[in-house]
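Thank you all for making the time this morning. I would like to walk you slowly through one structure, and I ask that you keep it open in front of you while I talk.

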Amino acid sequence: MLNIVYFAWVRERIGLPRENVETTAATVADLVTELVAREERYAVAFADISALRVAVDQELVGFDAPLAGVREVAFFPPMTGG
Amino acid sequence: MVVRLQEWAFDAGAELNRFSANVTSSKVNGAGAVVSFTGVVRDTDDRLIRMEIEHYPAMTGPAIEAMVDHATGCWGLAGALVIHRYGALEPGAPIMMVATAARHRADAFAAAEYLMDFLKSRAPFWKKEVTKQGATWVAARDDDEQALDRWT
């Protein structure tokens, strides 16, 4: 079971702050493909992944990152702290 | 090293005085230079009702602590302080502050700039501006991303 969390406009477009999914996706990119196939709101949120950032187990990674052993994946827009 | 994430406002002057008193005492390396930066919610055209800051609690603290550790090692800091707020902030309110202390000013300035550059684009915060016309997520700026290049 993988915990997925969403922040900022990604959360708003998907309509959920977090969810648990059963997945066999090998990488983040594969997971995105699975989510996009589920429902239109995911397709909208992930329409341009160059506008998104991803963290696995709270570490920033690329979309080619493997998911083996990962417990949490977070999707969000580029950060605007400071 | 102190990293604080909080909803409530803080008094940047009081925080800086406390930080300075600690790091300049001879017990902590006797720092001779203290640099600080405070970020404030801008209200240039009177439209802003509030700023809302969302963050990723499980990641924010560890990510900032890693930045502070790196800066402390790189510039031999005698101390560092990062305070960052989340939640709803009024125009004119402090958003965050960074303070660094080192033996000499060049290291304190460089470490403060490094921390600011990384807090902008690598700490998981997202700002939303709520105005009379509606709410919009603040877009990340390309030059904030480019600013990270000078540290690699």
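I will take the two chains in turn, then the contact between them and the core, and then a sheet and a few single residues.

Please keep in mind throughout that this is a predicted model, and that everything I say rests on values computed from it.

Let me begin with chain A, which has three helices and five strands, and whose elements, read from the N terminus on, follow the order β-α-β-α-α-β-β-β. Its C-alpha trace spans about 30 × 30 × 20 Å along the principal axes of chain A. With 82 residues, a compact globule would be expected to have a radius of gyration near 12 Å, and chain A, at 12 Å, agrees with that. Buried residues account for 26% of the 82 residues in chain A, and among the contacts in chain A with a separation of 6 or more, 53% are between residues 24 or more positions apart.

Chain B comes to four helices and eight strands, and from the N terminus on its elements run β-α-β-β-α-β-β-β-α-β-β-α. The C-alpha trace of chain B spans about 55 × 35 × 30 Å along its principal axes. For 152 residues the globule estimate is a radius of gyration near 15 Å, and the 16 Å of chain B agrees with it. In chain B, 34% of the 152 residues count as buried, while residues 24 or more positions apart make up 76% of the contacts in chain B with a separation of 6 or more.

Now to the place where the chains meet. The contact draws 13 residues from chain A and 21 residues from chain B. On the side of chain A that touches chain B, α1 (8-14) and β5 (72-76) of chain A each supply at least two residues, and the residues of that side divide into nine nonpolar, four polar and no charged.

Which residues have the most contacts inside the largest nonpolar core? That core has 56 residues, and the ones with the most contacts inside it are Phe7(A), Ala71(B), Ala111(B) and Leu115(B), so that residues of both chains appear in the list. If we take Ala111(B) as an example and leave aside residues up to four places away in sequence, Ala111(B) touches Ala71(B), Trp75(B), Leu77(B), Ala80(B), Thr100(B) and Ala102(B).

Let me turn next to a sheet in chain B. Four strands form an open sheet in the order β5-β3-β7-β8 of chain B, with antiparallel pairing. Why is one side of β5 (87-89) and of β8 of chain B left without a neighbour in the sheet? Both strands stand at the edges and each has a single partner strand, so one side of each remains unpaired within the sheet. On average, neighbouring strands of this sheet are turned by 25° against each other, direction ignored.

At one end of that order, strand β7 (residues 125-131) of chain B is joined by four bridges to strand β8 (residues 134-137) of chain B, and the two run antiparallel. The link from β7(B) to β8(B) is a hairpin through two residues, and Thr131(B) has Gly134(B) in β8(B) as its bridge partner.

Thr131(B) also gives us a way to look across chain B. Asn17(B) and Thr131(B) are 114 residues apart in sequence and 35 Å apart in space, C-alpha to C-alpha. Asn17(B) is found in helix α1 (residues 12-23) of chain B, and it counts as exposed because 11 other C-beta atoms lie within 10 Å, where 12 or fewer is the cut-off.

I will finish with two backbone angles in chain A. As background, most residues other than glycine have a negative phi. Ala8(A), however, has a phi near 55°, a positive value in a residue other than glycine. Ala8(A) has its place in helix α1 of chain A. Is Ala8(A) buried or exposed? With 23 C-beta neighbours inside 10 Å, Ala8(A) counts as buried.

The second case is Asp57(A), which is not a glycine and yet has a positive phi of about 45°. Asp57(A) is found in the loop between β3 (53-56) and β4 (59-61) of chain A, and with 14 other C-beta atoms within 10 Å, Asp57(A) is partly exposed.

How values were computed:
Residues numbered from 1 in each chain as written. Chains lettered and ligands numbered in written order. Predicted model: local features only at pLDDT ≥ 70, side-chain atom pairs only at ≥ 80, totals over all residues. Pairing = 2+ DSSP bridges. Contact = placed C-beta atoms within 7 Å. Nonpolar A, V, L, I, M, F, W, Y, C, P; charged D, E, K, R; others polar. Axes fitted to C-alpha atoms, helices over the stretch in contact; angles between N-to-C directions. Buried ≥ 20, exposed ≤ 12 C-beta atoms within 10 Å, placed from the backbone. Rg over C-alpha atoms; globule rule 2.2 N^0.38 Å. Core = buried A, V, L, I, M, F, W, Y, C linked by C-beta atoms within 7 Å.
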